Amino acid sequence: MIAEPDGPEDRLRRFATIWSRAVFPATSTSLTRPEFEERLLPLARRLSEALRARTFQADEGRSVGAALVATHCTDPDALTRTLDCVDAYLVLYCGGDGPQEDLRARCSRLQHAVAAGFAQALRERTLAEQEAIAQAALAAQGAVAQALHASEARFRAVFEGAAIGIGIADLDGNVLQVNGALLRMFGLSEQMIRGRNVREWTHAEDAPQTWTLYDELVRGEREHYHLEKAFSRPDGTVLWTNLTVSLLRDADGEPQYQLALMEDTTERRLLNLRLRYEATHDALTGLPNRTFFFERLEKALGAADGQRFGLCYLDLDGFKTINDSLGHAAGDRLLVEIADRLQSCATAPGEMVARLGGDEFVALTTGADTEREVDELASRIMNALVAPVSVDGRELTVRGSIGIVEGPAGERSAAEVLRSADITMYRAKSAGGNRFELADPEADARAITRHGLTTALPTALERGEFFIEYQPLVHLGDGSVRGAEALVRWLHPQHGVLGPDRFIPLAEHTGLIVPLGRWVLEQSVRQAKEWRERHGEEGPLRINVNLSPCQLTHPGLVQDTVEILERTGVQPQALCLEVTESALIGADDDLLKPLRRLAEMGVDIALDDFGTGYSNLANLRRLPVSILKLDRSFTQGMQQFPADPVDLKIVEGIVSLAHSLELAVTVEGVETGAQAEQLRILGCDTAQGWYYARPGPPERLHELALVDATG
C-alpha cells in the first residue's frame with residue numbers, strides 16, 4: 001500500500017516509528033531497529049482500529065500486549081514505554097476527526113487492556129519457564145545424587161556450575177553446603193550460612209502448608225515438594241524464590257540429606273504486582289478502577305447469609321462545563337482532588353472508593369449494618385464536596401448526585417446493582433442534583449422499561465408496529481360527525497398496545513418524533529381522503545393531527561405538510577393541526593411563522609389543552625389559531641347534576657371569549673349526556689369523548705351508534 005502524504009497510512013507509520021524507537025532499547029530481540037518497526041506496524045494498526053471501532057473491544061488491546069511479549073519485549077521498561085507512546089501519540093496520529101474526549105477515554109481503556117494482556121502473556125511465559133526449571137531441577141537432583149555416590153569431582157562441577165541456587169542440609173535441617181548462586185541470592189558469605197538451621201528461615205508470607213510439606217519430606221513420607229517462598233535478606237529486602245526441596249537417600253534407600261533448588265523470582269514478582277496494580281487501579285487518581293471494584297462488589301454480593309452491602313454511585317454535577325471551559329488538564333487536577341477527598345470518606349473496614357471513569361465514582365460498604373452505614377457514607381461524601389477546590393488559582397465549587405443501593409448479599413448480580421445505582425443517581429440529578437436518593441425497585445423497573453422502549457423505537461417504525469385509532473368529533477348542535485382526531489398507538493411485541501403517553505416523550509427525547517409525526521400525518525390525511533371517497537359529503541370533513549413541540553421547530557414542517565396534501569389530493573381545509581397551549585407560551589415570531597403559513601393555506605390550527613397553561617389570554621389575538629380545545633379538567637364538574645356553578649361560569653366565559661375572537665370551541669373528555677347538554681347550552685361547538693365513542697379503527701367510525709348530542 002502506498003500511503004498518501006499525511007494520509008491515515010502515513011500517520012500510522014509515523015506512530016509505529018515513534019513506538020519502535022522508544023521501545024527498541026528495552027528489548028532483547030536480535031532484530032535491527034527497522035526490522036523491529038515492521039513487527040510493530042501491524043500491532044499499531046490493530047490499536048488504531050480498536051481506537052476508532054464502533055464498540056470497545058478490550059480483547060484487541062490485550063492481544064497487542066501479549067504480542068509484545070512474543071516479540072521479546074519482556075522488560076518492564078518496554079511496557080512502560082509502550083503505554084507512554086500510546087498515551088501521547090495514538091489519538092494524535094490515529095484518532096482522525098473523532099470526538100477527542102471519547103477518543104482519550106477509549107485510549108485510556110486500551111492502555112489498561114494492553115497492560116493486562118502483557119501481564120497475562122508474561123505470566124504464561126513465566127509458568128512455562130518454571131515448568132522447564134522444575135524439570136531441570138529434577139534432572140539436577142538426579143545428577144547431584146549420582147555425583148554424591150560416584151565422584152566428588154563430578155559433584156563439584158554440577159554443584160558450583162549450576163545457574164540456580166543449590167543447598168544441602170541434613171535431616172535435622174543443618175545447612176552443610178551451598179553453591180555460589182545461592183550465596184549471591186541471599187547476599188551472604190558461605191561462613192554466614194553454613195551451620196544455620198533451615199527452620200530459621202520462616203517468613204510472614206509463608207504459605208500455610210510450607211512447613212507441613214517440609215516435615216513430611218524429612219520423615220521420608222514424600223520425595224520432594226515445590227512452592228513459592230520468601231526469605232529475608234540481611235539488608236531488609238525480601239527474596240522471592242521458586243523453591244524445590246528433594247529428599248536424597250543413601251545406597252540402601254534410607255533418607256540421608258535434603259536438597260534445595262532455588263530460582264530468584266523477585267523481579268518477576270515485582271513486575272507482576274506492578275502490572276496487577278496498573279490493571280486494577282485508575283492511572284489518574286490511583287483509586288481502584290472498574291475492574292477492581294467489580295471484583296470487590298461480586299465478593300460482597302457472594303458473602304454469607306446475614307451480610308449486607310451498601311453502594312453509593314456518585315456523578316459530579318457540572319463537571320463537563322468545568323472540563324470544557326478550563327481544559328482537560330484542569331479537569332484532571334480537579335478529579336485528583338475529589339478522589340483524595342472521597343478516599344478519606346471510606347477508611348473503615350469493609351469500605352472502599354473506586355473511579356469508574358470520567359467523573360463517576362463509587363463507594364462500597366459491607367457488613368451487617370449497612371442500612372445505617374451507607375447513609376452515613378453518602379453524607380460524608382456530600383460534606384467532602386462542600387469546600388471549594390483550588391485549581392490554577394480558581395476556587396471551583398463542585399457538587400454531586402448520588403444514587404444509593406443497599407440490601408442483603410446473594411440476591412442480585414453486580415451488574416444489576418450497578419444499573420440500579422446508576423438509574424437512582426440520574427433520578428437524583430433530575431431532581432436538581434447536589435443530593436442523594438435511595439434506590440426504588442419500582443422506579444428502576446420503570447426506567448428499565450423506558451430504556452427498552454427508547455432502544456426499540458427506531459426500528460418500530462420500520463417494522464410497522466405503529467397504528468392509528470380515530471375518535472370522532474361531534475357537532476353539539478345536531479349530533480353529526482364533523483371529523484376525527486388521529487391518535488397513534490404502538491403495538492409493542494412484548495408490552496402490547498401502548499398509548500402515546502408511554503412513547504411520545506421518548507420519541508421527542510430521541511428526535512424520532514419528527515419521522516413518526518410525518519408518518520402519522522400522511523396516514524391520517526390518506527384516511528381522510530378514503531372516508532371522503534367512500535362516504536362523499538357524509539364522511540368526516542376534517543382530520544385532526546397532533547403536533548409535538550419538537551415538530552414545531554423542525555424546518556421541514558411546512559414543506560412536509562404541503563407535500564402530503566398535494567400527494568394525496570386532500571384540501572388544506574380538511575386538516576386541523578393541534579398544538580398544546582404550553583408549546584406556544586412565550587412563543588416568538590420565528591416559532592409562529594410556520595403555523596401562520598399553514599393557517600394562510602387554509603389548515604386549521606387548534607390550541608389543545610387550553611386552560612392548563614399560564615399564557616396571557618391577550619396572546620390569543622397574535623396566535624394563528626382558529627379552534628380552542630378546552631381541557632377535560634373544566635368539564636369534570638358537569639358529570640353530575642346539578643353541575644358545579646363555578647365550572648359553568650368558567651366555561652361560559654371561555655366560550656364567550658373564544659366566539660368574540662371568532663374561534664370555535666371543542667371540548668374533550670365528554671363522558672355523560674348531562675355534560676353534553678350543559679356544553680351545548682353554553683355554546684360549545686364540537687365535542688369528543690367516551691360518551692360518543694372510544695378511539696377505534698377507521699372502519700368503525702361510521703358504524704358507531706352515536707348518541708344524539710342534543711339529548
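This is a guided tour of a predicted model, moving from the whole chain to two helices and a pair of packed helices.

**The whole chain**

Begin with the entire protein chain selected, coloured by secondary structure, which comes to 23 helices and 21 strands. If you switch to colouring by accessibility, buried residues make up 47% of the 711 residues. Among the contacts with a separation of 6 or more, 64% are accounted for by residues 24 or more positions apart.

**Helix α11**

Next, select residues 290-301, which form helix α11, a run of twelve residues that reaches 16 Å from its first C-alpha to its last, close to the 16 Å expected at 1.5 Å a residue. Show the side chains of F293, F294, L297, A300 and L301, since these are the buried residues of α11. Turn the view until you look down the axis of α11: the buried residues fall within an arc of 125°, so they line one face of the helix. The general background is that an α-helix has 3.6 residues a turn, so residues three or four places apart point the same way.

To see what lies over the buried residues of α11, add β6 (308-317), β7 (351-357), β8 (360-367) and α15 (414-430), which are included in what covers them. Before leaving this helix, go to its start and select N289 together with T291, where a side-chain oxygen of N289 reaches to within 3.2 Å of the backbone nitrogen of T291.

**A329 in helix α13**

Move on to residues 328-345, helix α13, and pick out A329 within that helix. Is A329 buried, exposed or partly exposed? With a relative accessible area of 45%, A329 is partly exposed. If you then select D392, which is 63 residues away from A329 along the chain, the C-alpha atoms of the two residues are separated by 10.0 Å.

**Helices α20 and α21**

Finally, select residues 557-568, helix α20, in which T561 has its place. T561 has a relative accessible area of 1% and is therefore buried, the cut-off being under 20%. Leaving aside neighbours within four places in sequence, T561 is in contact with L521, L575 and L598.

Now add residues 589-601, helix α21, and view the two helices together: the axes of α20 and α21 come within 9 Å and cross at roughly 25°. The two helices are therefore roughly parallel to each other. To display the contact between them, show L557, V558, T561, V562 and L565 on α20, with P594, R597, L598 and M601 on α21.

Notes: Residues numbered from 1 in each chain as written. Predicted model: local features only at pLDDT ≥ 70, side-chain atom pairs only at ≥ 80, totals over all residues. Heavy atoms only, no water. Helix = DSSP H or I, 4+ residues; strand = E, 2+ residues; numbered from the N terminus. Expected span 1.5 Å × (residues − 1). Buried < 20%, exposed > 50% of the residue type's maximum accessible area, 1.4 Å probe, protein only. Arc of directions from axis to C-beta. Contact = heavy atoms within 4.5 Å. Polar contact = N/O pair within 3.5 Å; in protein donor to acceptor, adjacent residues only side chain to side chain. Axes fitted to C-alpha atoms, helices over the stretch in contact; angles between N-to-C directions. Parallel < 35°, antiparallel > 145°, perpendicular 65-115°, else oblique.
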